[in-house]
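Reader: I am new to this structure and would like a close look at one part of it. Please start from a single residue and its contacts, then work outward to the rest of the chain.

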Amino acid sequence: MKEWIEAMRLRTLPVSIAGVLAGTACAIYHHGFSVAPAIICLFFAVGAQITSNFANEYYDYKNGIDKKGREGFRRGVTEGDITPEKMKRATFLTLLITILIGCSLIIWGGWWLIFVGIAVAIFALAYSTGPYPLSHHGLGEIAVIIFFGFVPVVFTEYVQTRFLFLDSTTLLTAAAIGLMAANVLIVNNYRDMEDDKAVNKKTSVVILGRKIMAGIYYFNGVLSAIFLAMASSALPFWVSAGWLTYLCVHTILWNKLKNNRGLELNKVLKNTSILLFFVSAYLIFIVACLKPDTSGYIYFS
């Protein structure tokens, strides 16, 4: 069981949770919160990320990209803890369960959500496999911004409010969450640069180098803080203290990123992921506390 838990990469799962929490915060802000679809979105998002993590482990092994003793998360298939056949079955079983969970959202969002689900399912696999694996061509961060930022925020809000809000509050929040999620991937690829370069896996860090990607990591965090400040500009001024606190912690993590290598970067990765989770939880806190009139709009359908 331990090897399967490691394959799920629990330290990165706050990334998928954060998008749902941020989308729920936007739903509350727009006077709509529904418990059932919010919980289903949470399970769907986590399931999609676990599917992607399983697929990444299986296909990287199959394509000869992983090797024993690789930095970072222990690769169960490569290290012989899990057979390739079992990981392949687990990947598609998890994908099937996730799809079934997602289909239940049709009740709130309509049949057209199937296309969103198909896009998420394709991304979960296309990140690591297919004719043009995204993670092998420097496109991982862009995909993460879309599928861990805009998709979960916008559509988690949609299934709760039953209205597609594309205003500045929602879009700025989605962009901020996506940029912070991309930072988790940047740390992962920053740590694995030598291993990836040796097998011609062209991540953004391999293509641009550590110095530039460390700068992008910091820029993403600053831009996220600006976006969140703009998105919450209608709220009391003290709310901005939260974004300043985030920026201070982000700066500390940036310095650790620049000055460490190897397994030490796992701590930076974990803390970057946790920081994103706390930011999304803070969003829930401020809108729930500062908009008490939303209580009349909470549904338990």
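Author: A good place to begin is Thr-98. Apart from its neighbours within four places in sequence, Thr-98 is in contact with Phe-44, Gly-47, Ala-48 and Thr-51. The model is a predicted one, and the position of Thr-98 in it is within helix 4, which covers residues 84-103. Thr-98 has a relative accessibility of 5%, so it counts as buried, the cut-off being 20%. Thr-161, by comparison, is 63 residues away from Thr-98 in sequence, and the two C-alpha atoms are 22 Å apart in space.

Helix 4 also plays a part in covering another element, helix 6. Helix 6 runs over residues 113-126 and has 14 residues. From its first C-alpha to its last, helix 6 reaches 20 Å, close to the 20 Å expected at 1.5 Å a residue. The buried residues of helix 6 are Leu-113, Val-116, Val-120, Ala-121, Phe-123, Ala-124 and Leu-125. What covers these buried residues includes helix 3, helix 4, helix 5 (106-109) and helix 7 (140-161).

Helix 3 leads on to the charged pairs. Side chains of opposite charge can pair when their charged atoms come close. The structure holds five salt bridges. One of them joins Lys-201 to Asp-60, with the closest N and O atoms 3.3 Å apart. Asp-60 belongs to helix 3 (residues 35-62) and Lys-201 to the loop between helix 9 (193-198) and helix 10 (204-208), so this pair ties together parts that are 141 residues apart in sequence. Both Lys-201 and Asp-60 are buried.

Helix 9 is involved in another salt bridge, in which the side chains of Glu-194 and Arg-210 meet at 2.7 Å, N to O. This pair links distant parts of the chain, with Glu-194 in helix 9 and Arg-210 in helix 11 (residues 210-231), 16 residues apart. The two partners differ in burial: Glu-194 counts as partly exposed because its relative accessibility is 47%, whereas Arg-210, at 12%, is buried. A further salt bridge is formed by Arg-191 and Asp-192, whose closest N and O atoms are 2.8 Å apart. Arg-191 is buried, and Asp-192 is buried as well.

The nonpolar residues come next. The largest nonpolar core has 56 residues, and those with the most contacts inside it are Met-180, Tyr-217, Trp-243, Leu-257 and Ile-286. At least two residues of this core come from each of helix 2 (14-29), helix 7, helix 8 (168-191), helix 10, helix 11, helix 12 (240-259) and helix 13 (265-290). Helix 8 gives the most, with 14 residues. Leu-257 shows some of the contacts in detail: leaving aside neighbours within four places in sequence, Leu-257 is in contact with Val-187, Tyr-190, Ala-214, Tyr-217, Leu-265 and Val-268. A second core, separate from this one, has 16 residues, among them Trp-108, Val-151, Phe-155 and Tyr-158.

Confidence in the model should be kept in view. The mean pLDDT of the chain is 90, and 94% of its residues reach 70 or more. Confidence is highest in helix 11, at a mean of 97, and lowest in strand 2 (residues 298-299), at 38. Over residues 292-301 the pLDDT is below 50, and this stretch has 16 contacts in the model beyond near neighbours in sequence. Where pLDDT is low, the predicted coordinates should not be read in detail.

Notes:
Residues numbered from 1 in each chain as written. Predicted model: local features only at pLDDT ≥ 70, side-chain atom pairs only at ≥ 80, totals over all residues. Heavy atoms only, no water. Helix = DSSP H or I, 4+ residues; strand = E, 2+ residues; numbered from the N terminus. Buried < 20%, exposed > 50% of the residue type's maximum accessible area, 1.4 Å probe, protein only. Contact = heavy atoms within 4.5 Å. Salt bridge = Lys/Arg side-chain N within 4 Å of Asp/Glu carboxyl O. Expected span 1.5 Å × (residues − 1). Core = buried A, V, L, I, M, F, W, Y, C linked by side-chain atoms within 4.5 Å. pLDDT = per-residue confidence, 0-100.
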